[in-house]
Amino acid sequence: MYAIVEIAGQQFKVTKDQKVFVHRLNNERGDVVEFDNVLLIDQDGKVKVGTPVVEGAKVTAEVVSHVKGDKVIVFKKRRRKGYRVKNGHRQCFTELVIKDVVA
């Protein structure tokens with residue numbers, strides 16, 4: 001059984017006991033979070049597609065930790081002008097463990 005759920009503006013395919021890294025949520029470590037924006041559910045081959053969401057379906061998850069992603073280097077250069085700018089960015093993520101998928 002899996003579900004496609006919208007979390008923080010992005011869509012994720014989740015199953016039970018799966019770890020998911022999503023954009024930073026404003027929840028504390030150990031909190032249980034419920035997501036109602038379930039777009040699709042597959043139960044042993046029976047697929048329910050929502051219009052736009054599946055009624056009565058929800059996904060519960062537990063916040064494990066807040067982490068930062070790998071550093072991404074942003075380098076800008078204009079040739080023959082002496083213009084060089086180097087920046088770095090690390091995205092903040094929240095690690096979730098999916099506890100239950102309810103249809």
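From the N terminus on, the elements of the protein chain follow the order β-β-β-β-β-β-β-β-β-β. The chain thus described has 10 strands and 0 helices, where helices (H or I, at least four residues) and strands (E, at least two) are DSSP runs numbered from the N terminus. The structure is a predicted model, in which local features need pLDDT of at least 70 and side-chain atom pairs count only at pLDDT 80 or more, while totals for chains, interfaces and linings use all residues. Residues are numbered from 1 along each chain as its sequence is written, and side-chain values use heavy atoms, with hydrogens and water left out.

The radius of gyration of the protein chain is 19 Å, against a value near 13 Å for a compact globule of 103 residues; the radius is taken over C-alpha atoms, and the globule rule is 2.2 Å times the number of residues to the power 0.38. Along the principal axes, the C-alpha atoms fill a box of roughly 60 × 30 × 20 Å. Of the 103 residues in the protein chain, 29% are buried (buried means under 20% relative accessible area, exposed over 50%, and partly exposed in between, with a 1.4 Å probe and protein chains only). The exposed surface of the protein chain amounts to about 7300 Å², of which carbon and sulfur atoms supply 45%; accessible areas come from the Shrake-Rupley method with a 1.4 Å probe, and for residues only the protein chains shown count as cover.

Contacts (heavy atoms within 4.5 Å) were examined by sequence separation. Among those between residues at least 6 apart in sequence, 63% join residues at least 24 apart.

The protein chain carries 20 positive and 13 negative side chains, and the centres of the two sets lie 21 Å apart. Lys and Arg count as positive and Asp and Glu as negative, with His and the chain ends not counted; the place of a charge is taken as NZ of Lys, CZ of Arg, CG of Asp or CD of Glu. Side chains of opposite charge can pair when their charged atoms come close. The structure holds 3 salt bridges, each defined as a side-chain nitrogen of Lys or Arg within 4 Å of a carboxyl oxygen of Asp or Glu.

In one salt bridge, between K19 and E95, the closest N and O atoms are 3.6 Å apart. K19 lies in strand β3 (residues 19-23) and E95 in strand β10 (residues 92-102), so this pair ties together parts that are 76 residues apart in sequence. K19 is exposed, at 55% relative accessibility, whereas E95 is buried, at 10%. Apart from its neighbours within four places in sequence, E95 is in contact with K19, V20, F21, E62, V63, V64 and S65.

Another salt bridge joins the side chains of K58 and E34, at 3.4 Å from N to O. This pair links distant parts of the chain, with K58 in strand β7 (residues 58-68) and E34 in strand β4 (residues 32-35), 24 residues apart. K58 is partly exposed, with a relative accessible area of 29%, and E34 is also partly exposed, at 47%.

E62 and K99 likewise meet through their side chains in a salt bridge, with an N to O distance of 3.4 Å. Here E62 in strand β7 and K99 in strand β10 are 37 residues apart, and the pair links distant parts of the chain. E62 counts as partly exposed at 26% relative accessibility, and K99 is partly exposed at 38%.
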